[in-house]
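This report describes a predicted model of two protein chains with two DNA strands. The account begins at the DNA and then turns to the protein.

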2 protein chains.
Amino acid sequence: MTICAPLDSQELAQLSALMTPVELDAGAPLFDEGETARNVFNVTSGTIKVYKLLPDGRRQVTGFLFPGDFLGLAKQATYAFSAEAVTASTVCRFSRDKLEALMQRLPKIEQRLLSIASNELVVAQEQMLLLGRKTAREKVASFLLMLLKRARQHGRSGDTVTVTMSRNDIGDYLGLTTETVSRTFTQLKQNGIIQLLPSHQVRLARRDALEEIAGGF
Amino acid sequence: MTICAPLDSQELAQLSALMTPVELDAGAPLFDEGETARNVFNVTSGTIKVYKLLPDGRRQVTGFLFPGDFLGLAKQATYAFSAEAVTASTVCRFSRDKLEALMQRLPKIEQRLLSIASNELVVAQEQMLLLGRKTAREKVASFLLMLLKRARQHGRSGDTVTVTMSRNDIGDYLGLTTETVSRTFTQLKQNGIIQLLPSHQVRLARRDALEEIAGGF
DNA sequence: CTATGTCCTTGACCTAAGTCAAGGAATCTG
DNA sequence: CAGATTCCTTGACTTAGGTCAAGGACATAG
């Protein structure tokens, strides 16, 4: 998807020859930090989380990936983080060797990857601001707005998002505990800013208030 | 420097034709977040900090840049962060337009930039782990080891680093207050793990202990 | 070399978020 | 569709780090 955007049909054919579709159950690992980085992946359905661990098990989720997102594009010998399916998902697997060979012939792909990486860096810096300087309420508001933005990018409209990940995963993404995430959801609900609906749906009833709380995004 | 590594002398000449050296006093701003991103910079001496602000003035320093480092390479119309000299510094300025034109002709530069961006992403993820999940003590230990690693990269040996930035800047980098940073330095000193020497020098007397505290780097 | 500002340190106290614990609501599984 | 997990919520209490305040140590400038 995203990687393919600037290619013509013949180039696309060359690229798809390298792809292998992979089906993942919820909770299935894609790869672990430190493993030799043989593949690059493109998410086609579901939600993937990427995370790093400290020796004692503390976890930082550095991102949630949705259809169209890339992972594993580091120019390193080993993966810098672990990746695991949050929900049942499908991804396209590319061999890194073959992709790099193809990149020699199709510099557009390289340009596209640079563009993706630059964008990820911008997102990473916003996440550092969130982790280092925002309160729990501000973090959760920012998170919900991020989900809404992603839902919009995927053509969904309306003011409702599907929170596919657990409170624990959200906590590990925002630098909070499960309990604090839960309490903050409850508090936002009691303030009439969000509504908690069945099957992981959250309605952002007062998006203006969320934007205000999130602090300028 | 880093960008030039893979170029031959003729290519280097083309690149240096685009460079303008800029001298900065301590505290001088390089650019502000949101400004149109006309230039890319390469640090040649001194220390630069890059940061993001919340509307109420809370600050997150997303990185410190040392000689050889790049900044502003985002593929966006505006800078995603502000940049300011910590100490008196010199940087090389490149016009983005001209650099992009040159990149069309010298794909090696693009490859190099992708490699730099990928590496920055890895560093950013480590910083997220630090900000979201490490204690004050672990954060400060990680910070000192980062400075040591950078000093090593610049050919300095020994177990002493120069802390060119203020306690306040360090706090804004680690998601802590000035006071907590100061107390943590004092505590590490009292434990015999570091020594605070004159003129911003810190001796990492027990590097093994710092590595242990930092949590596996 | 003395004054003046900035930075650093330390102390006393406070609070946001973490921890521990226990019920309750979903959601899988046979 | 009962039983078993797993996940979510809430309450009571603790604590790491923040806040406020005040000296002290460096710098830089006159």
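Helix α6(B) gives the most to the surface near DNA strand C, contributing six residues. In this predicted model, 17 residues lie around DNA strand C, and those that come nearest are A:Thr135, A:Thr180, B:Ser166, B:Ser182 and B:Thr186. The elements giving two or more residues to this surface are α6 (178-190) of chain A, together with α5 (167-174) and α6 (178-190) of chain B. By class, the surface near DNA strand C divides into four nonpolar, nine polar and four charged residues.

DNA strand D is surrounded by 18 residues, of which A:Ser166, A:Arg167, A:Ser182, A:Thr186 and B:Thr180 are the closest. Here the elements that give two or more residues are α5 (167-174) and α6 of chain A, together with α6 of chain B. The most is given by α6(A), with six residues. The surface near DNA strand D comprises five nonpolar, nine polar and four charged residues.

How are chain A and chain B related by rotation? Chain A is superposed on chain B by a rotation of 180° with 0.0 Å of shift along its axis, at an RMSD of 0.0 Å. That is the relation of a two-fold axis. Among the residues of chain A, A:Leu114 comes closest to the rotation axis, its C-alpha being at 2.6 Å.

Between the protein chains, 34 residues of chain A are in contact with 34 residues of chain B. On the side of chain A that touches chain B, the elements giving two or more residues are β5 (59-65) and α3 (107-133) of chain A. Of these, α3(A) gives the most, with 19 residues. This side of chain A has 16 nonpolar, 12 polar and six charged residues. Because 100% of the interface residues of chain A are also interface residues in chain B, the copies meet through the same surface.

One residue illustrates the contacts between the chains. Leaving aside neighbours within four places in sequence, B:Ala117 is in contact with A:Leu114, A:Ala117, A:Ser118 and A:Leu121, and also with B:Leu73. B:Ala117 is also among the residues with the most contacts inside the largest nonpolar core, which has 110 residues. The others named for that core are A:Ile48, A:Ala117, A:Leu144, B:Leu30, B:Ile48 and B:Leu144.

The strand pairings listed below are taken from both protein chains.

| Strand | Partner strand | Sense | Bridges |
|---|---|---|---|
| β1 (residues 19-24) of chain A | β8 (residues 89-95) of chain A | antiparallel | six bridges |
| β3 (residues 39-45) of chain A | β8(A) | antiparallel | six bridges |
| β2 (residues 29-31) of chain B | β7 (residues 82-85) of chain B | antiparallel | two bridges |
| β4 (residues 48-53) of chain B | β7(B) | antiparallel | four bridges |

In chain A, strand β8(A) pairs with β1 and with β3. Within β8(A), A:Arg93 stands opposite A:Thr20, while A:Cys92 is the bridge partner of A:Asn42.

In chain B, strand β7(B) pairs with β2 and with β4. Within β7(B), B:Glu84 stands opposite B:Pro29, and B:Ala85 stands opposite B:Ile48. B:Ile48 is also one of the residues with the most contacts inside the largest nonpolar core.

Conventions: Residues are numbered from 1 along each chain as its sequence is written. Chains are lettered from A and ligands numbered from 1 in the order in which they are written. This is a predicted model: local features need pLDDT of at least 70, side-chain atom pairs count only at pLDDT 80 or more; totals for chains, interfaces and linings use all residues. A nonpolar core is a set of buried Ala, Val, Leu, Ile, Met, Phe, Trp, Tyr and Cys residues joined through C-beta atoms within 7 Å. A residue is buried if 20 or more other C-beta atoms lie within 10 Å of its own, exposed if 12 or fewer, and partly exposed in between; C-beta atoms are placed from the backbone. Two residues are in contact if their C-beta atoms, placed from the backbone, lie within 7 Å. Copies are superposed by least squares on the C-alpha atoms of residues with pLDDT of at least 70 in both. A residue is near a molecule or strand if its C-beta atom, placed from the backbone, lies within 6 Å of it. Ala, Val, Leu, Ile, Met, Phe, Trp, Tyr, Cys and Pro count as nonpolar, Asp, Glu, Lys and Arg as charged, and the others, Gly among them, as polar. Two strands pair if DSSP finds at least two bridges between them.
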